[in-house]
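Student: I'm new to this one. Please choose a single part and take me through it closely.

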Amino acid sequence: MPDPVLLLEATGAAAALAAFVLLLLVRPWRSPSPAGVGAAWATSVGVGFALGCWFLQPKLHWPPQEDQDRFILLVMPVAFVIELLAAIPRLSRWLIGSLRGIFAAAVAPVLLYGSVYLTASQSAESWSPTQRLLILVGMTVALVTVWGLLALLQSRASGRLLPFALALTCFAAGVTVVFSGCISGGLLALPLVAALMGAAAASLVLPASPISTGWLGLGIVGLFSVLVSGRFFADLSTGQALVLFCVPLLGWVPELPGFRRLRLSWRDLARTALIATAALVIAGQAFLKSSAPISSSPEEVESIQDYLDFKR
Amino acid sequence: MRAKGFMCGVLFVVLTGVSAPALAADNYVIDAMHSAVTFKISHMGLSWVHGRFNSFSGSFVVDANNPAASSFELNIKPESVDTGQAKRDEHLRLADFFNVKQFPTLSFKSTSVKTAENGLEVTGDLTLHGTTKPVTFTLQGGRKAEFPKGVQRTGYTTELSIKRSAFGMDKMLEALGDEVFIAISFQGIKK
């Protein structure tokens with residue numbers, strides 16, 4: 001396990017920088033424009049994440065060789081650029097939506113590039129063209145759906161705690177991936193968690209500002225990437241990955257008809273508590289599973305004839 | 001007539017003599033049952049963790065008269081890594097180490113073979129973790145045996161060390177050492 005002091009430094013630096021950048025760019029003493037707020041959120045989460053990664057010093061390779069290289073060096077920078085473009089008011093929403101859609105379709109293939117899943121080989125894990133199409137389309141649909149529903153929730157509920165809730169989900173995903181056997185992959189969630197937390201904390205001191213989803217693109221793509229890495233390059237189960245990815249959607253529960261009468265702040269607290277509880281329960285289960293002894297399975301034994309024949 | 005017969009005899013000897021080296025190249029398939037690819041690596045500089053790969057295959061050509069024509073090839077499935085601890089093996093297979101879903105093969109293919117003082121000096125390309133680098137080692141052995149009757153065998157042994165970070169396998173170096181000591185002992189069945 002990495003040095004706990006290093007982890008604290010990385011997360012502390014990421015959170016502090018994200019908070020500072022958000023306050024600097026939004027400038028609370030002025031009335032900020034929606035575009036400015038969107039760009040500020042994306043920038044604060046992006047630079048916070050980058051600084052946290054720099055502190056963690058993950059072993060990266062160029063050209064990218066494995067999923068972690070592609071996550072840090074390709075996926076997150078592109079997500080950052082798209083979210084910055086999304087903050088430009090003159091760009092049509094159709095163009096931004098298309099860019100996000102194309103990007104969402106590209107994330108899984110980029111992360112899985114060159115792996116046994118996408119390479120035609122004799123491996124039992126190699127996907128047939130039909131399987132490949134179904135799985136990649138399925139993952140794209142999941143990403144687009146959750147991204148879209150959270151964006152809708154943010155614009156509808158206009159609460160301030162949704163970034164916290166997503167950060168908690170990312171934290172649970174990182175912890176679960178660590179307990180699924182990939183320490184290096186799980187730890188990459190920490191800078192994102194810290195950047196989201198830092199920016200969200202800073203936003204609490206701002207006066208009421210226009211609704212923004214500038215943080216959402218990086219957050220949801222980061223969560224998706226960590227879970228894809230855990231599922232396909234570690235021992236995270238499909239069920240765990242799917243549930244963790246859908247956990248932020250629990251934020252919709254307080255928007256159901258019976259709860260709409262509650263004040264926004266209460267609904268915000270309720271959604272955060274729901275998401276945090278679900279995420280931490282899943283992380284706890286992963287911990288218990290990793291701590292359980294491995295059950296012994298009967299070994300496959302070659303016949304005595306194989307041995308006597310000297311494998312002729 | 002006698003001179004003609006003598007010339008034919010000389011021609012036969014010369015031809016068979018000339019063609020003898022070509023016939024001396026023997027092709028073998030590695031008999032995994034009587035071979036082993038093992039390694040040891042330092043754990044925090046305190047002790048050695050020993051392991052092996054349970055699944056590998058390969059072939060080699062040995063030309064006793066022309067060692068440069070010899071060649072060796074070995075393909076290892078890193079997924080078969082076995083250190084005697086199931087949880088550790090599981091961790092070794094995942095992205096922190098071998099990342100077998102991204103890099104499913106570990107292979108060696110010789111590029112040159114020459115006679116050394118105590119065996120054969122083999123140079124070749126070792127591909128580990130998706131990175132290919134040249135390595136050189138000395139193979140000792142080459143004794144031949146027939147076992148069971150009608151099956152010709154020969155075998156070699158070597159030891160080498162590599163730095164795993166040179167192959168991009170550079171995570172958690174503080175826990176598991178960078179230098180890996182590898183021992184390979186293999187036996188081939190003549191085709």
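Tutor: Let's say that two residues are in contact when their C-beta atoms, placed from the backbone, lie within 7 Å. What you see is a predicted model, where local features need pLDDT of at least 70 and side-chain atom pairs count only at pLDDT 80 or more, while totals for chains, interfaces and linings use all residues. Residues count from 1 along each chain as its sequence is written, with chains lettered from A and ligands numbered from 1 in the order in which they are written.

Where chains A and B touch, 24 residues come from chain A and 19 residues from chain B. On chain B's side, that's seven nonpolar, seven charged and five polar residues (nonpolar is Ala, Val, Leu, Ile, Met, Phe, Trp, Tyr, Cys and Pro; charged is Asp, Glu, Lys and Arg; polar is the others, Gly among them).

Now for the part I'd pick: the core of chain A. Chain A has twelve helices and zero strands (DSSP runs, H or I of at least four residues for helices, E of at least two for strands, numbered from the N terminus). Of its 312 residues, 46% are buried, with 20 or more other C-beta atoms within 10 Å of their own. The largest nonpolar core (buried Ala, Val, Leu, Ile, Met, Phe, Trp, Tyr and Cys joined through C-beta atoms within 7 Å) holds 128 residues, and Cys170(A), Leu196(A) and Ala199(A) touch the most other members. Helix 6 of chain A, residues 162-179, gives the most to this core: 14 residues.

Zoom in on Ala199(A). Beyond its neighbours within four places in sequence, its contacts include Ala18(A), Leu22(A), Trp41(A), Pro163(A) and Trp215(A). As for chain A overall, among contacts between residues at least 6 apart in sequence, 78% join residues at least 24 apart.

How values were computed
A residue is buried if 20 or more other C-beta atoms lie within 10 Å of its own, exposed if 12 or fewer, and partly exposed in between; C-beta atoms are placed from the backbone.
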